[in-house]
Amino acid sequence: MPLNTAPNLTRPDDFYEALIDMHRDLDDAASQAANARLILLLANHIGDHQTLLEALALAREAP
Amino acid sequence: MATDAIDTAIDTAIEPDYQRQQYAYTPCAEQRPGHAAGAPHPVVVVGAGPVGLATAIDLARHGVPVVLIDDDCTLSTGSRAICFAKRTLDIFDRLGCAGRMVEKGVRWHLGKVFLRDSLVYAFDLLPESGHQRPAFINLQQYYVEGYLLDLARALPNIDIRWKSRAVNLESRDDHVALTVETPDGCYTLCGRYVVAADGSRSGLRKLMGLESHGHTFRDRFLIADVKMEAAFPPERWFWFDPPFHPNQSVLLHRQPDNVWRIDFQLGWDADPVLEKTPERVIPRVRALLGPEAKFELEWVSVYTFSCVRMDRFRHGRVLFAGDAAHGVSPFGARGANSGVQDAENLAWKLAYVLAGRAPDSLLDTYASEREFAADENIRHSTRSTDFITPKSAVSRTFRDAVLTLARDHGFARQLVNSGRLSVPAVLHESPLNTADGDGETFAGTMVPGAACADAPVCGMAGVTGEPWLLPRLGDQFVALIFGAPAGLDAATRSALQALQQGAVPLRLVFVTDAAIAASADPWPGATVVRDVEGLAARRYDARAGTCYLIRPDQHVCARWRTVDAARIGAALDRAIGQAGQGRPAVAPAPKPMAMA
């Protein structure tokens with residue numbers, strides 16, 4: 001299943017705030033750890049290997 | 001004991017101390033004055049470790065005389081390979097020494113992974129019954145070598161030469177000439193083929209100007225063999241960041257003789273000389289066992305691990321096997337186990353080529369199949385070692401994230417990688433396989449290229465034999481036919497009998513689900529067994545008429561839903577690397593097998 005990069009967030013601004021808020025009061029190391037856990041949790045939810053590889057490749061591309 | 005019944009009879013009444021055993025050097029025929037150079041030996045095997053010994057024994061079973069040289073005169077010292085996987089035990093069963101090993105070894109199949117002081121993950125390597133051999137035994141390498149050597153020395157056509165080091169190698173048209181250095185000076189040893197099973201620092205590899213390539217992990221591990229009475233169960237235990245060794249990993253295995261193998265991760269900055277001293281080791285062991293524990297250190301060393309392989313395992317008439325060809329980190333037990341699988345792949349192919357039954361190009365498939373398997377083993381071992389020794393800060397962050405999530409979430413437990421334990425590679429891409437036909441679909445894992453599954457069976461009434469399927473397979477090509485002989489029509493029967501006597505002899509094994517009467521339909525050279533629990537049919541997804549073609553190394557190379565002798569014959573040609581070349585017009589005289 002191809003990676004969906006079209007608008008798909010049900011509540012975009014709410015999500016963005018929650019993402020930043022996840023890191024409230026965390027130092028850099030704790031933030032890195034939390035991000036890593038978040039990536040793993042969301043990756044498992046997506047599941048499909050090809051979709052994940054697409055996301056990884058897009059993420060790695062330098063602007 | 002039933003488990004010993006298929007072992008070759010060896011006098012085991014007095015077991016030597018294999019750790020201290022020394023074997024005698026005696027000058028060989030080539031060193032006697034006036035010796036006239038004769039024909040080259042068919043095969044010279046260099047290195048009498050587990051892989052060289054398994055190769056020599058397997059070749060001898062095929063009737064090929066072997067010269068086996070080793071630069072030493074003792075068995076392996078220290079703490080080397082200890083976890084021997086089911087496939088390896090199945091191979092040793094065919095060779096004739098698994099019974100002794102399973103008797104002596106510590107069986108295990110459960111592994112547990114701990115993070116700090118709590119259990120994160122447990123795995124079962126052989127969750128089902130109905131296999132003769134366990135998932136793993138732990139047994140010190142010197143026992144494995146000792147038992148193999150006892151077997152090799154009892155075979156008439158293995159000439160074992162100790163204190164014999166190959167110091168030069170010359171490739172000639174139809175043989176290889178080795179210069180062998182002994183206590184009495186050098187001599188020339190010629191072999192039509194040479195098997196280089198001389199370990200990770202292979203002298204033959206260096207003599208040929210070849211190298212292994214791969215990755216070395218920036219880490220150090222303390223390996224300790226500790227003799228103690230301890231209450232840990234026979235399970236593989238792995239800790240991440242335990243209280244007794246913070247921020248590092250520890251691995252614990254039980255071995256025979258109350259010897260425990262403990263691996264302590266030390267980190268790259270550890271001093272490998274200092275860390276071997278009792279002053280450093282004893283406190284680490286005591287921290288694990290508790291202040292009251294009584295133990296002795298039997299062996300201590302510090303290792304750095306690499307995953308490497310030669311680009312090609314075949315160089316003309318020289319075939320590289322075991323650690324000489326490829327090396328892995330030990331998490332997953334893929335070193336010695338894959339080496340023994342190299343040996344079983346190579347031996348029958350060499351025997352068939354030497355007997356004129358197969359073209360020399362069959363040996364190219366040893367290299368391609370085992371290079372493929374080595375890549376799989378390296379991939380798994382690398383992934384495990386990356387998880388245990390993350391290569392970068394961000395890798396460590398993800399590793400720790402997995403461990404944290406694993407406590408509460410099943411998906412993360414799948415990602416915890418303290419070692420993916422050795423299973424035989426499925427040789428999916430081998431050119432020796434015949435692909436499943438259109439419309440012939442099979443479920444399960446017995447695909448072309450897979451090592452055969454075992455199953456409980458019983459023989460004909462009044463005829464004894466192992467109550468297992470695997471001892472009926474191997475050493476020759478086998479057509480494994482589900483159904484009774486009476487179910488085949490006369491034309492098929494006659495065609496199969498022709499294949500049995502053909503240039504590449506085929507053995508027939510029928511698997512039935514009904515009780516077999518002793519007098520029912522005798523078929524010379526065919527074995528009939530009963531699938532007592534239906535597990536053979538289940539594991540092979542078999543119906544009446546299903547037919548598998550099995551290689552001498554117990555790997556599936558073809559399968560069909562009906563018995564068709566022409567298709568079997570074509571698959572047989574393909575499996576010896578002779579597809580499309582037609583069969584030799586005259587069958588060469590079959591070489592007798594060394595074993596009765």
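I started in the middle, at a strand pair: B:Ala177 sits opposite B:Cys190 of β11(B). Worth noting straight away that this is a predicted model.

**Around β10(B)**

I followed that pair outwards. β10(B) and β11 (residues 185-196) of chain B run antiparallel, and I count seven bridges joining them. The link from β10(B) to β11(B) is a hairpin through two residues.

Then I looked at the other neighbour. β9 (residues 165-171) of chain B is also antiparallel to β10(B), with six bridges between them. Here the hairpin goes through four residues. For a sample pair I picked B:Asn168, whose bridge partner in β10(B) is B:Thr179.

Which residues of β10 (residues 176-182) of chain B are on its covered face? I find B:Val176, B:Leu178, B:Val180 and B:Thr182 there, while B:Ala177, B:Thr179 and B:Glu181 make up the uncovered face. That reads like the textbook rule: in a regular strand, side chains alternate between the two faces of the sheet. So B:Ala177, my starting residue, belongs to the uncovered face.

**The seven-stranded sheet**

Next I traced an open sheet in chain B, ordered β6-β5-β14-β15-β16-β13-β17, with mixed pairing. β6 (118-124) and β17 (295-303) of chain B are the edge strands; each has a single partner, so one side of each has no neighbour in the sheet. Neighbouring strands of this sheet are turned by 15° against each other on average, direction ignored.

Inside the sheet I checked β15 (residues 249-255) and β16 (residues 259-265) of chain B, which pair antiparallel over six bridges. B:Gln255 faces B:Val259 of β16(B) in that pairing.

I also noted what lies across the sheet strands. Helix α6 (residues 278-289) of chain B crosses β13 (221-228), β15, β16 and β17 of chain B, and runs at about 115° to β17(B).

**Chain B overall**

Stepping back, I get 13 helices and 26 strands for chain B. The C-alpha atoms fill a box of roughly 75 × 65 × 50 Å along the principal axes. How does the radius of gyration of chain B stand against that of a compact globule? With 596 residues the globule value would be near 25 Å, and chain B has 25 Å, so the two agree. Buried residues account for 47% of the 596 in chain B. Of the contacts in chain B between residues at least 6 apart in sequence, 75% join residues at least 24 apart.

**Where the chains touch**

Last entry: six residues of chain A are in contact with nine of chain B. The chain A side divides into three nonpolar, two polar and one charged.

Methods
Residues are numbered from 1 along each chain as its sequence is written. Chains are lettered from A and ligands numbered from 1 in the order in which they are written. This is a predicted model: local features need pLDDT of at least 70, side-chain atom pairs count only at pLDDT 80 or more; totals for chains, interfaces and linings use all residues. Two residues are in contact if their C-beta atoms, placed from the backbone, lie within 7 Å. Ala, Val, Leu, Ile, Met, Phe, Trp, Tyr, Cys and Pro count as nonpolar, Asp, Glu, Lys and Arg as charged, and the others, Gly among them, as polar. The radius of gyration is taken over C-alpha atoms; the globule rule is 2.2 Å times the number of residues to the power 0.38. A residue is buried if 20 or more other C-beta atoms lie within 10 Å of its own, exposed if 12 or fewer, and partly exposed in between; C-beta atoms are placed from the backbone. Two strands pair if DSSP finds at least two bridges between them. Axes are lines fitted to C-alpha atoms, for helices over the stretch in contact, and angles run from 0 to 180 degrees between N-to-C directions.
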